[in-house]
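Me: I've got a model open and want to understand the labels on it. Mind if I keep asking how each one is justified?
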Amino acid sequence: CPQFKKCGGCSLQHASKSFVTEWKKSIVSQALRRRELYPKFRSTFVTPHGSRRRAVFSGRRTKTGTIVGFNSSRSNNIVPVDGCVILDKNILAFLPGMESITALGCTRSSIVKMHVSLCENGLDVFVKGGKSIDKELRINLTKLAFKWKLARLTWDGDLIISINPPIQMFDNIRIVPPEVFFMQATKEAEKWMINEVCDALNQEKNVVDLFSGLGTFSLPLSKTKEVLAFELSPHMLEALNNAWRYAPKLKTIKTQIRNLQKNPVSKKELAEVGGAVINPPRSGARAQCKQLAMSGVNTIVLVSCNPETFATDAEILNKGGYNINWVRVIDQFRWSHHIEVVAKFSRS
């Protein structure tokens, strides 16, 4: 990439694919070994280049125009992303549109953040930190949305326009997310995760999805089993509820708003559950894993974006009587230090 060493996002482009793959696997392996865990590793999946479907861009006005790009490492300096090799081509094509947004809604002293996500029918754009919305700005932003055929444009929580519902698909199940939501960074990595989770829980009749988000796993799992989904965000759960109600031939998904870090699902609540998938934030899920370790759940799939907290959570489950059947490293953020992990645990 022409921005290598400037942007800071792809710090490992100088290394070979095989080196990076083994290095990332070794980080997970060493974290587990420090806790005397020695599982079998499945082959590492590496996401292809040009597949990143969501990103946050910074925009700032200058004396001569505007600049849009990524913040360089540990700096407010904005680096243009011309020639970026990780972003989907549809997002790259919208760079002039982001420059127009910056020119319209950014003051000389501010920086706007543009959250851009690729959906099935265009781009979903959420802007933060811009000027206060007024009639003129709203009209100009609406014109811009039509020009670029955006599915949705939101300005600091204010919906400017939704030309088409911004559709995402989880294993061919349609969902319309709220303005602020989380999804995996690449479709390819998401597909691998869904396949691993569904295959691991194939024998269970009912499952619980902890930190469910939009239902990345809940929706595919509901094709064959009853699902109970827990998530802190009411907006994401509302989208999940709408998705399963209108999708054909899905089994019931029951949802509950819950802060699982402060109020984990108890072993008593898990008494009738056959399987569990847990996908916590980077801080891990120590409290929730302690309850799982005391439960009678047959099979647990742990998905993590932090090798250290993954190893900590795995140790809790192992001490509670669960064996690690396998671990798979997923290199979703190619050429970066970020690591995704999926692992299956079963009662010994």
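Reply: Go ahead. In β4, the residue bridged to Phe 70 is Val 79. Bear in mind that the model is predicted.

Me: What makes β3 and β4 a pair of strands?

Reply: Two strands pair if there are at least two bridges between them. β3 (residues 66–71) and β4 are joined by three bridges and run antiparallel, so they pass the cut-off of at least two.

Me: Which sheet holds them, and why is β4 called an edge strand?

Reply: The sheet is open, has seven strands and follows the order β4-β3-β2-β5-β6-β7-β8, with mixed pairing. Its edge strands are β4 (78–80) and β8 (158–161), since each pairs on one side only. On average, neighbouring strands here are turned by 35° against each other, ignoring direction.

Me: What helices lie across that sheet?

Reply: Among them is α3 (residues 95–105), which lies across β2 (54–61), β3, β5 (112–119), β6 (122–128) and β7 (152–155), at about 115° to β3. Another one, α4 (residues 135–147), lies across β7 and β8 and runs at about 55° to β8.

Me: What about the sheet of eight strands: why are β1 and β13 at its edges?

Reply: That open sheet has the order β1-β16-β17-β15-β14-β11-β12-β13, again with mixed pairing. β1 (45–46) and β13 (253–257) each have a single partner strand, so one side of each has no neighbour in the sheet.

Me: How do you know that β14 and β15 pair, and which way do they run?

Reply: Four bridges join β14 (residues 275–278) to β15, and at least two are needed, so they count as a pair. They run parallel, with Val 277 opposite Val 301 of β15. Helix α7 (residues 234–246) packs on this sheet, touching β12 (226–231) and β13, and its direction makes about 170° with that of β13. Helix α9 packs there too, touching β15, β16 and β17, at about 165° to the direction of β15.

Me: How do you know the length of α9 fits a helix?

Reply: α9 (residues 307–319) has 13 residues, and at 1.5 Å a residue they should span 18 Å; the end C-alpha atoms are 18 Å apart, so the two agree. At the N-terminal end, Asn 306 acts as a cap, with a side-chain oxygen 3.0 Å from the backbone nitrogen of Glu 308. After the helix comes Gly 321, with a positive phi near 105°.

Me: What covers the buried residues of α9?

Reply: The cover includes α1 (17–33), α8 (286–293), β15 (299–304), β16 (322–331) and β17 (340–347). Phe 310, Ile 316 and Leu 317 are among the buried residues.

Me: Why is Asn 241 called buried?

Reply: Its relative accessibility is 15%, and buried means under 20%, so Asn 241 qualifies. Asn 241 sits in α7 and touches Ile 253 and Thr 255, leaving aside residues up to four places away in sequence. The side chains of Asn 241 and Thr 255 make a polar contact of 3.0 Å, which is inside the 3.5 Å limit.

Me: How many disulfides are there, and why isn't Cys 106 in one?

Reply: The count is zero. A disulfide needs two cysteine sulfurs within 2.5 Å; the closest to the sulfur of Cys 106 is that of Cys 7, 19 Å away, so a bond is ruled out. Cys 289 is in no disulfide either, with the nearest cysteine sulfur, in Cys 305, 13 Å away.

Me: Are those two cysteines, Cys 106 and Cys 289, buried or exposed?

Reply: Cys 106 is buried, at 0% relative accessible area. Cys 289 also has 0% relative accessibility, so Cys 289 counts as buried.

Key:
Residues are numbered from 1 along each chain as its sequence is written. This is a predicted model: local features need pLDDT of at least 70, side-chain atom pairs count only at pLDDT 80 or more; totals for chains, interfaces and linings use all residues. Side-chain values use heavy atoms; hydrogens and water are left out. Buried means under 20% relative accessible area, exposed over 50%, partly exposed in between (1.4 Å probe, protein chains only). Helices (H or I, at least four residues) and strands (E, at least two) are DSSP runs, numbered from the N terminus. The expected span of a helix is 1.5 Å times one less than its number of residues. Contact means heavy atoms within 4.5 Å. A polar contact is a pair of N or O atoms within 3.5 Å; within protein, one must be able to donate a hydrogen and the other to accept it, and residues adjacent in sequence count only if both atoms are side-chain atoms. Axes are lines fitted to C-alpha atoms, for helices over the stretch in contact, and angles run from 0 to 180 degrees between N-to-C directions.
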